[in-house]
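This report concerns the fold and the packing of one protein chain. Please have the sequence and the structure at hand while reading.

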Amino acid sequence: MHTAKRGLVALFGMVASATLTVSPFGATIRDDVPDSAYLALGALADFTPVGVFVNSWGYTGCGILIAPDWVLTAAHMLDAATSGTFTINGTAYTSSSIFRDPGWTGNVFAGNDFGLMHLGTPVTNVTPAALYTGTLDGQIATYVGYGFTGTGLTGWRTLDNQRRAFQNVIDGNFNVPALLFGSDFDNPHATNDSSWGSVLPLLLEGCVAPGDSGGGVFVTNGSQYVLAGVISFVAATDGNANADYGDFSGADSIASALPWINSIVPEPSISALALGGGFMALGFRRLNKRRRLTPETASVQTLRGGRTL
């Protein structure tokens with residue numbers, strides 16, 4: 001069971017090498033469900049817009065194609081960067097310019113963790129993700145990213161650079177309902193490792209982990225998967241944000257960033273918006289208040305690869 005932690009601890013991942021401890025990870029999964037099920041979900045064509053992003057000084061994470069020549073990622077992936085490379089469908093594309101949301105402060109709990117990369121050459125063989133700005137509370141979200149994996153018992157472990165996806169109910173907002181949303185990783189073996197919503201995990205429940213930064217959070221709108229958020233951080237109340245059972249997946253809502261995205265990306269270039277309930281500031285109620293997760297009671301780790309800061 002997680003206990004409250006005094007103050008906030010910010011940690012960063014490390015570059016995979018022969019001499020450094022590795023920490024650019026992807027999703028962790030249930031220990032009682034085969035990894036092949038998560039790989040199969042991640043392999044769906046709907047998630048092809050999610051690719052691998054590497055910035056100019058080697059930090060590795062993810063990005064999402066939202067127009068033929070535009071990639072959406074996390075702002076912290078662009079900190080101190082001058083350029084980036086986006087690999088999708090086996091082809092690498094180089095940026096011609098990069099942009100960070102002007103509201104980004106470096107604090108993931110304050111939201112606005114959005115970045116944009118303009119590609120020098122458009123992607124012609126992948127359909128960009130459609131953006132969703134409808135209501136999210138209680139929806140089943142699919143989190144998609146690349147990197148290391150592990151289980152809820154072990155935390156991060158193995159690197160294979162494959163695209164995985166997991167599903168979780170959106171049932172929290174880190175007390176910033178207009179900007180953030182999230183899910184907790186329910187433990188199938190212990191109900192006291194659940195903080196938000198139902199204590200029962202979904203079949204393909206999981207948690208984001210370092211290396212998933214900039215990856216996509218999708219919901220269904222009719223029969224279509226649409227992009228609702230960008231993966232930003234993993235958080236914990238036990239002082240160890242290692243994406244094990246009880247930890248929290250944190251993401252920034254597309255709805256909050258849409259005005260900024262439209263100010264940078266030529267509007268006709270963006271895939272048709274899936275409005276769902278229409279453009280709105282997202283407001284979530286906390287469905288279970290047994291533990292209150294705030295910047296003061298959580299440890300947090302941004303999900304990029306790179307050298308320890």
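The sections below treat the overall make-up, the strand pairing, the nonpolar cores, the aromatic pairs and some individual residues.

**Overall make-up**

The model is a predicted one. Its protein chain contains 2 helices and 16 strands. Of the 309 residues in the chain, 58% count as buried. The chain exposes about 11,300 Å², of which carbon and sulfur atoms supply 55%. Among contacts between residues at least 6 apart in sequence, 74% join residues at least 24 apart.

**Strand pairing**

Several of the antiparallel strand pairs are set out below, with the number of bridges that joins each.

| Strands | Sense | Bridges |
|---|---|---|
| S9 and S13 | antiparallel | 3 bridges |
| S13 and S14 | antiparallel | 6 bridges |
| S14 and S15 | antiparallel | 6 bridges |
| S11 and S15 | antiparallel | 5 bridges |

Individual bridge partners can be followed through these pairs. Thr142 has Phe218 of S13 as its bridge partner, and Phe218 in turn has Leu227 of S14 as a bridge partner. S13 and S14 form a hairpin with 2 residues between them. Gly222, in the turn of this hairpin, has a positive phi of about 70°. Further along, Val234 stands opposite Ser249 in S15, and Asp184 has Phe248 of S15 as its bridge partner.

S15 is largely enclosed by the rest of the structure, because 6 of its 6 residues are buried.

**Nonpolar cores and helix H2**

The largest nonpolar core has 71 residues, and among these Leu72 and Leu227 touch the most other members. Strand S14 (residues 224-236) gives the largest share of this core, with 8 residues. Apart from its neighbours within four places in sequence, Leu72 is in contact with residues that include Ile64, Ile66, Phe114, Leu116, Leu227, Val230, Ile254 and Ile261. Contacts of Leu72 also include the glycines Gly63, Gly115 and Gly214.

A second core, separate from the largest, has 12 residues, among them Val108, Phe174, Leu179 and Phe233.

Two of the contacts of Leu72, Ile254 and Ile261, are also buried residues of helix H2 (residues 254-264). Ala255, Ala257, Leu258 and Trp260 of this helix are buried as well. The cover over the buried residues of H2 includes strands S4 (60-67), S5 (70-73), S7 (91-100) and S8 (115-119). S14 and S15 (248-253) are also included in that cover.

**Aromatic pairs**

The chain has 11 aromatic pairs. One of them joins Phe47 and Phe218 in a tilted arrangement, with 5.0 Å from centre to centre and 55° between the planes. Phe47 lies in the loop between helix H1 (35-42) and strand S3 (50-55), whereas Phe218 belongs to strand S13 (residues 216-221). The pair thus links distant parts of the chain, 171 residues apart. Both Phe47 and Phe218 are buried.

Phe174 and Trp196 form an edge-to-face pair, with 5.1 Å from centre to centre and 70° between the planes. Phe174 is in the loop between strand S10 (155-169) and strand S11 (180-184), and Trp196 is in the loop between S11 and strand S12 (206-207), so this pair ties together parts that are 22 residues apart in sequence. Phe174 counts as buried because its relative accessibility is 1%, under the 20% cut-off. Trp196 is likewise buried, with a relative accessible area of 0%.

Ring pairs also link Phe174 and Trp196 into a cluster with Phe109, Phe233 and Phe248. Phe174 and Phe233 of this cluster are among the members of the second core.

**Individual buried residues**

Thr149 is located in strand S9 (residues 140-151). With a relative accessible area of 9%, Thr149 is buried. A polar atom of the Thr149 side chain lies 2.8 Å from the backbone oxygen of Ala27.

Gly211 has its place in the loop between S12 and S13. The relative accessible area of Gly211 is 6%, so this residue is buried. Gly211 and Thr60 are 151 residues apart in sequence, yet their C-alpha atoms are 6.3 Å apart in space.

Conventions: Residues are numbered from 1 along each chain as its sequence is written. This is a predicted model: local features need pLDDT of at least 70, side-chain atom pairs count only at pLDDT 80 or more; totals for chains, interfaces and linings use all residues. Side-chain values use heavy atoms; hydrogens and water are left out. Helices (H or I, at least four residues) and strands (E, at least two) are DSSP runs, numbered from the N terminus. Buried means under 20% relative accessible area, exposed over 50%, partly exposed in between (1.4 Å probe, protein chains only). Contact means heavy atoms within 4.5 Å. Accessible areas come from the Shrake-Rupley method with a 1.4 Å probe; for residues, only the protein chains shown count as cover. Rings of Phe, Tyr and Trp (its six-membered ring) pair if their centres lie within 6.5 Å; planes under 30 degrees apart count as stacked, over 60 as edge-to-face and the rest as tilted. A nonpolar core is a set of buried Ala, Val, Leu, Ile, Met, Phe, Trp, Tyr and Cys residues joined through side-chain atoms within 4.5 Å. A polar contact is a pair of N or O atoms within 3.5 Å; within protein, one must be able to donate a hydrogen and the other to accept it, and residues adjacent in sequence count only if both atoms are side-chain atoms. Two strands pair if DSSP finds at least two bridges between them.
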